[in-house]
Structure formats: C-alpha cells, structure tokens
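Please open the model in your viewer and keep the selection tool at hand. The tour begins with the whole chain and then moves through a handful of loops.

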Amino acid sequence: MNNRRIAALASDRAVHRAFAWLHLHEAQMRRWQMEFLGIAAPPFGEAERAGWFSRRFRELGLAGARLDAAGNAVAEVRAVEAREGGPVVMLSAHLDTVFPAGTDCTPREEEAKILGPGACDNGAGLAALLGVAAALKHAEILPGCEILFAANVGEEGEGDLRGMRHLFAEAPYAGRVRAAIALEGGGDAMVVDRALGSRRLRVTIAGPGGHSWADAGRANPIMTLAAALVELGRLRLPARPRTTLNCGVIRGGTSVNSIPESATADLDLRSVSGTELDRVELGVLETLTRMVDAENQRRGGAALKLHVERIGNRPAGALEAGSELAMSLKAVDRHLGIATEARIGSTDANLPLSLGVPALAIGAGGVGWGIHTLQEGHDPTGRDLALRRVLLLLLDVCATVAENESVQPGCMLR
C-alpha cells in the first residue's frame, strides 16, 4: 500500500514541477545559504537570522510569516481544506550554531564547497527548508493538511530545545502537530529515528576562600570538586543501553595564591534510556553530596556548600518502526533507491518523540565535514535527491494525516 501510494505521488505532474524546481534552482539555494550563513546565530543570539528567514517566507508567499514569542521564524502552507485548529505537519530546521558571539562566521566558497562555521550544521538544513517551501509554492501544491515551516531557535547546547518546547507547549500549534520532520545537516540517506536523551548539570562547590599562605588549611572548592570528578569517573555505566558521563567545562578561582571561593563544572549525561538517565543523575548527586560532606567532616565544620543546577534536559525516545511516519520513509527510500542510514542522535526530534508525536531528523543533502569546528564545510552537490526525499515524505505524511482525521486528501493543482 505504502509503495503504491508513493509511486502515485511521485508521478503527479505538480510533484514533478516541484522536483524540477529543486533541480534547476541549486544556484538560488546556494545564494540563500551563503547569505544567511553570513548572519551570526550564536546560542541565544538568533534574532537577526530569524528575521531574515521570516522575510524569505513572506517573499515565497507562505501564509502567516512571523516571529513567535520564542524567536522562531514560522509560516504555513495551507491545506486543500483550510480548517481552524486543524492538524499540522511540521517541517523545521534550527537557526542556531554552537559558535559563541564574536566568532567570524563569514562563509567562503572553494569551487563547489561552502566553507565556514555552521555551513552544514545547520546551513544545509536551513537551505533545504527554503528550497522545499519554494518548490511547493512554485508547483502550486496544496497538501492534505497544513504544513508548518519553522526556522527554530535553541537546538544547540544550552538552548535546550527551547524553540521546540515553545512550539509544542505554548504556540497556537500546541496539540495540533501530528508529525514532525527536522532537517539536520547533510547526507542523502541519513535519518535519526532514535532520540539520544541528555541531562546537563552545572555543579558548584562554594567556600569562604582566603589567602594560600595565611589561610592554609581551609577547605578548597577546586580541590574538592576535582576529587569528586575523579569519583564520578569511576561510576559504573551500562554499555546497553549505552550511557555516558562527561565533564566538558571546569572553572574557578581568581589567582594562583588564593584559596578559591567557588569552583564549577558542567556535566553531560547521555543515554537512549530515560530510566538510565534518572539512575545516573541520582548517582552523580549522591557522589557529589558524599564527597562534600566528607571534606567538611574532615575539616571539622560545614564550610563547603554544594549547589547543582540542571541546565539541560533533552528527553530520550524512539520512532516506532510500525508508525505511519516510519513506514512512509521506508517506502520513499525504496522508491528513490536510497539505502536508509538510521542513526541515534540528539536533535529537535527529541521533544516531539517524548510527547508521543511521531518525529525524525533527516539529512538535507550534500556532504558535510568538520561539524562544530571552525573548519566546517558543506558540498551541496546533488542535494536535490535528498530534497525529493523530504518532499515526498512530507506530502505523504500530510495525506495520511488528512485521511486519518477525515480531512480532504491532498490535491495537486495542475
């Protein structure tokens, strides 16, 4: 059934017009990519790039192009049968990069290559978002249900999926999204259908501080934190489900001849199992408390104070193999001759999956390298295969949603 449906969809004249637009307008997508890459989008600093996308959505003729309360650039392609509060399928790509404010993000070209911070993650996804929108409007395709296009904030690092959290909890779309597809990086065959959960903890140990000579013997927060981190490194973590613990940042103190008043470390816990994340987080808290208490007892007082703040919480989850979204992707890849590369990852799809909404993250074509480094690059050559994949998947899911919710099926205007 799925295979016949995809074959029929792919043979539709309007869909062919959309495919042709994607094939013939690589130069336009490349210009877009070069332009928005030159607009820095550090964590919590995506506003200028979001504004650029909102203007492009408006120019392409999408409905309701705007910036929402979280800073996401959103717009819609309306369905055949417009219905207030009706079902929505979301296509998204995150705006933010991992690079801090002040990083020179000016892109440059070397033959087919696009080079610069964020060129692939998520330059590839963002260019694809515009490409798919443009192709739909050019071909005058009306989907079975409304499509929400979102260039969203807060996917990377301490952004903690804040853009997605807003869309699913507070925006007018809350409760209406029936499936979510996130465009993430390059590749023709990649799909992330298992959400890697994470907890980020900021651990601070504080004390009175003092002079290294005159106050020698006072409890030292850096020494205590260092000892605690060594103990955390000895925690037994399961190989199945794979679970990891990392200390990525440590800071504290003001000078070499001072007993510091505080020391801080940022911890990253990851697992495909939410239960294991709970267990390891509890083990971390117990270990830290034990180490601080032991140091205070050894010093004969309670000079050191422990504070632990959760600064990130990405839920784990997985797309059910028998779900309509998974079956649709399988049929699309079979039709296009793509050998699906299923992966585990931490993406915007984590949030909807944790809420029971079918979701995945999918490659936006071309080849990327040096992800999250200043040497990042993307070669978009041949990305129209990946974009045909996205377009077919998107339209098929819209038709399925419409059928399930008794909405008029998608109509291709010729």
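Begin with the whole chain in a surface representation, keeping in mind that this is a predicted model. The protein chain exposes about 17800 Å², of which carbon and sulfur atoms supply 52%. If you colour the charged side chains, you will find 45 positive and 49 negative ones in the protein chain, and the centres of these two sets lie 2 Å apart.

Switch next to a cartoon, where the protein chain shows 11 helices and 21 strands. Turned onto its principal axes, the C-alpha trace spans about 85 × 45 × 40 Å. The radius of gyration of the protein chain is 24 Å, which agrees with the value near 22 Å that a compact globule of 414 residues would have. Of those 414 residues, 54% count as buried. Among the contacts in the protein chain with a separation of 6 or more, 80% are accounted for by residues 24 or more positions apart.

Now select Asp-104, which is found in the loop between β3 (88-94) and β4 (108-110). Is Asp-104 buried or exposed? Its relative accessibility is 57%, and because the threshold for exposed is over 50%, Asp-104 counts as exposed. Display the side chains here, and a polar contact of 2.8 Å can be seen joining those of Asp-104 and Thr-106. To get a sense of scale, add Met-291 to the selection: Asp-104 and Met-291 are 187 residues apart in sequence, and their C-alpha atoms are 42 Å apart in space.

The next two stops concern the backbone, and they are best viewed with all main-chain atoms drawn. Most peptide bonds are trans, and most residues other than glycine have a negative phi. Select Asn-122, in the loop between β5 (113-115) and α5 (123-138), together with Asp-121. The peptide bond from Asp-121 to Asn-122 is cis, with omega near 15°. Then go to Pro-241, which lies in the loop between α7 (221-232) and β12 (243-252). Here the peptide bond from Arg-240 to Pro-241 is likewise cis, its omega being near -5°.

For phi, centre the view on the loop between β7 (146-152) and α6 (162-169), where Asp-160 lies. Phi of Asp-160 is near 55°, a positive value in a residue other than glycine. The place of Leu-161 is also in the loop between β7 and α6, and Leu-161 has a positive phi of about 60° although it is not a glycine. How do these residues stand with respect to solvent-accessible area, and what are the values? Asp-160 is buried, with a relative accessible area of 17%, while Leu-161 counts as buried at 0% relative accessibility.

Finish at Ser-323, whose place is in the loop between β16 (317-318) and α9 (324-336). Ser-323 has a relative accessible area of 12% and is therefore buried, the limit for that class being under 20%. Which backbone atom lies 2.8 Å from a polar atom of the side chain of Ser-323? Draw the distance from that side chain to Glu-320, and the backbone oxygen of Glu-320 proves to be the atom in question.

Definitions and conventions: Residues are numbered from 1 along each chain as its sequence is written. This is a predicted model: local features need pLDDT of at least 70, side-chain atom pairs count only at pLDDT 80 or more; totals for chains, interfaces and linings use all residues. Side-chain values use heavy atoms; hydrogens and water are left out. Helices (H or I, at least four residues) and strands (E, at least two) are DSSP runs, numbered from the N terminus. The radius of gyration is taken over C-alpha atoms; the globule rule is 2.2 Å times the number of residues to the power 0.38. Buried means under 20% relative accessible area, exposed over 50%, partly exposed in between (1.4 Å probe, protein chains only). Contact means heavy atoms within 4.5 Å. Accessible areas come from the Shrake-Rupley method with a 1.4 Å probe; for residues, only the protein chains shown count as cover. Lys and Arg count as positive and Asp and Glu as negative; His and the chain ends are not counted. The place of a charge is taken as NZ of Lys, CZ of Arg, CG of Asp or CD of Glu. A polar contact is a pair of N or O atoms within 3.5 Å; within protein, one must be able to donate a hydrogen and the other to accept it, and residues adjacent in sequence count only if both atoms are side-chain atoms.
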